[in-house]
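I opened this notebook to keep track of what I looked up. The entries below follow the order of my searches.

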2 protein chains.
Amino acid sequence: MAGRRTDTRERIEQVALELFAERGYDKTTLQEVAERLQITRPALYYHFRTKEAILGSVVDRIGESIDELVGWARGQPATVESRREILRRISELLEDQWRPLFRFAQVNQGAMRDLPAGERLRAGVVSMLSLLAMPGAGAIKQFEARLAVFAVVLGSVPFLFDIGLDESERAAVALEVATKLISDD
Amino acid sequence: MAGRRTDTRERIEQVALELFAERGYDKTTLQEVAERLQITRPALYYHFRTKEAILGSVVDRIGESIDELVGWARGQPATVESRREILRRISELLEDQWRPLFRFAQVNQGAMRDLPAGERLRAGVVSMLSLLAMPGAGAIKQFEARLAVFAVVLGSVPFLFDIGLDESERAAVALEVATKLISDD
DNA sequence: GTCTATACTCGGATAGAC
DNA sequence: GTCTATCCGAGTATAGAC
């Protein structure tokens, strides 16, 4: 790819991420994507074979991002403190980088149902949820470990937990509840 | 409505619920809906003004179902035991009736984004999540109360918590974790 | 290698006959 | 209450300009 002369492909991905998150995959027209990029509709077909291929490409990026976190977390020691550190890291990523990606995934989860990239993303999410589970633990503890990750994620969804807190306060509360869930009691 | 001679409208809703849940709203064509009902495509337009109206009608039914639960729960006394009873009831509904509705909502959550019925459904879900929250409690307790409801719901999603348990075992574990979350500790 | 012009197909929607 | 005919718009394919 070193010889490529334009960055159109990446710009398409960028615009698609925005539009698909805003209006949803199926309600977004390739006309709109092309217009925002100031190119013509068929020009998109030079870079991607189909509309679905654009979606797949965007979803792949999100998958990579999650796999990266999972890779890092798996390298951490299996102590209680490092499990808390993992939760903090997830919370941080949600606030700094993952918010738009997360929104995209939520809105388009129907559209990526039978995509290979969608399958891979789901696998990544499952891995992430399992990150804090101690292999030998009982079913209750296993469930709590997964729920802890979920709690942190849910803390970043505004409308579900509208308890009169702003963004970062809500994230802090979610993190605290999650931490409690993985501590022995 | 007493004088109506066929039940086509309800049959359309029924088939739409099935197909939209299986294949997603946008990937389902009205042709398929019509075929399964043994009528022609434009015939659907006698009963519903648009494809979206069919979706709205289905979503409305789900909203009613949730509102019904919320209404019942609000009539319960504010004791710890009755809050546990509410969790049990939700768990029961998920296993007996809500599974297909829940799947539908998950797959099509993008498609119902700007529908009035979708807005109402979201409001219902928020009400349901808030059901166990004690008004005067602090942010942590408020969050835990909502997470408890979420835990029960998540217990019914197979792939997220694949910890080698069958359906009803997983529901039982989720219910136990949820109950622990709303108990004082 | 990158894009435009043009044309084809199919699905959602409407008007009006029966 | 349902069907026939028809329109329109979006995704897609291809030829060819630069």
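My entries cover the two DNA strands, then the cavities, then one serine.

**Entry 1: the model**

I note at the start that this is a predicted model.

**Entry 2: DNA strand C**

I began with the protein around DNA strand C. Which residues come nearest to this strand? I found 18 residues around DNA strand C, and the nearest are Thr40(A), Tyr46(A), His47(A), Arg41(B) and Tyr45(B). I then sorted the surface near DNA strand C by class. It has 7 nonpolar, 7 polar and 4 charged residues.

Next I asked which part of the strand faces the protein. Of the atoms of DNA strand C within 4 Å of the protein, 68% are sugar or phosphate atoms. Bases supply the rest.

I looked up single atom pairs at the phosphates too. In chain A, an N or O atom in the side chain of Tyr46(A) is 2.8 Å from a phosphate oxygen of DNA strand C. In chain B, I noted two backbone cases. A backbone N or O atom of Lys51(B) lies 2.9 Å from a phosphate oxygen of this strand. For Leu30(B), a polar backbone atom is 3.0 Å from a phosphate oxygen of DNA strand C.

**Entry 3: DNA strand D**

I repeated the search for DNA strand D. Here I found 17 residues around the strand. Arg41(A), Tyr45(A), Thr40(B), Tyr46(B) and His47(B) come nearest. Sugar and phosphate make up 67% of the atoms of DNA strand D that come within 4 Å of the protein. By class, I read 7 nonpolar, 6 polar and 4 charged residues on the surface near DNA strand D.

The phosphate pairs came next. The side chain of Tyr46(B) has an N or O atom 2.5 Å from a phosphate oxygen of DNA strand D. Leu30(A) has a backbone N or O atom 3.0 Å from a phosphate oxygen of this strand. Thr8(B) uses its side chain, with a polar atom 3.3 Å from a phosphate oxygen of DNA strand D.

**Entry 4: cavities**

How many cavities of 30 Å³ or more does the whole structure hold? My search gave 3.

I took the largest cavity before the others. It holds about 150 Å³ of space. I counted 18 residues in its lining. Nearest the centre are Asp26(A), Ala111(A), Asp26(B), Gly110(B) and Ala111(B). The lining of the largest cavity splits into 6 nonpolar, 6 polar and 6 charged residues.

I then turned to the second largest cavity, with about 60 Å³ of space. Its lining consists of Ser91(B), Leu94(B), Glu95(B), Arg99(B), Val152(B), Gly155(B), Ser156(B), Glu167(B) and Ala171(B). Two elements of chain B, α5 (80-107) and α8 (167-182), give two or more residues each to this lining. The largest share, 4 residues, comes from α5(B). By class, I logged 3 nonpolar, 3 polar and 3 charged residues for the second largest cavity.

**Entry 5: Ser65(B)**

My last stop was one residue. Ser65(B) is in helix α4 of chain B, which spans residues 51-74. Is Ser65(B) buried or exposed? I put Ser65(B) down as buried because its relative accessibility is 19%, and the cut-off for buried is under 20%.

I also looked up what Ser65(B) touches. Neighbours within four places in sequence were left aside. Ser65(B) is then in contact with Trp98(B) and Leu101(B).

How values were computed:
Residues numbered from 1 in each chain as written. Chains lettered and ligands numbered in written order. Predicted model: local features only at pLDDT ≥ 70, side-chain atom pairs only at ≥ 80, totals over all residues. Heavy atoms only, no water. Buried < 20%, exposed > 50% of the residue type's maximum accessible area, 1.4 Å probe, protein only. Contact = heavy atoms within 4.5 Å. Near = heavy atom within 4 Å. Polar contact = N/O pair within 3.5 Å; in protein donor to acceptor, adjacent residues only side chain to side chain. Nonpolar A, V, L, I, M, F, W, Y, C, P; charged D, E, K, R; others polar. 1 Å grid on protein atoms, 1.4 Å probe; cavity = no way out; pocket = protein on both sides within 12 Å on 5 of 7 lines; lining within 4 Å. Points joined across faces, edges and corners; volume = space filled by probe spheres on them.
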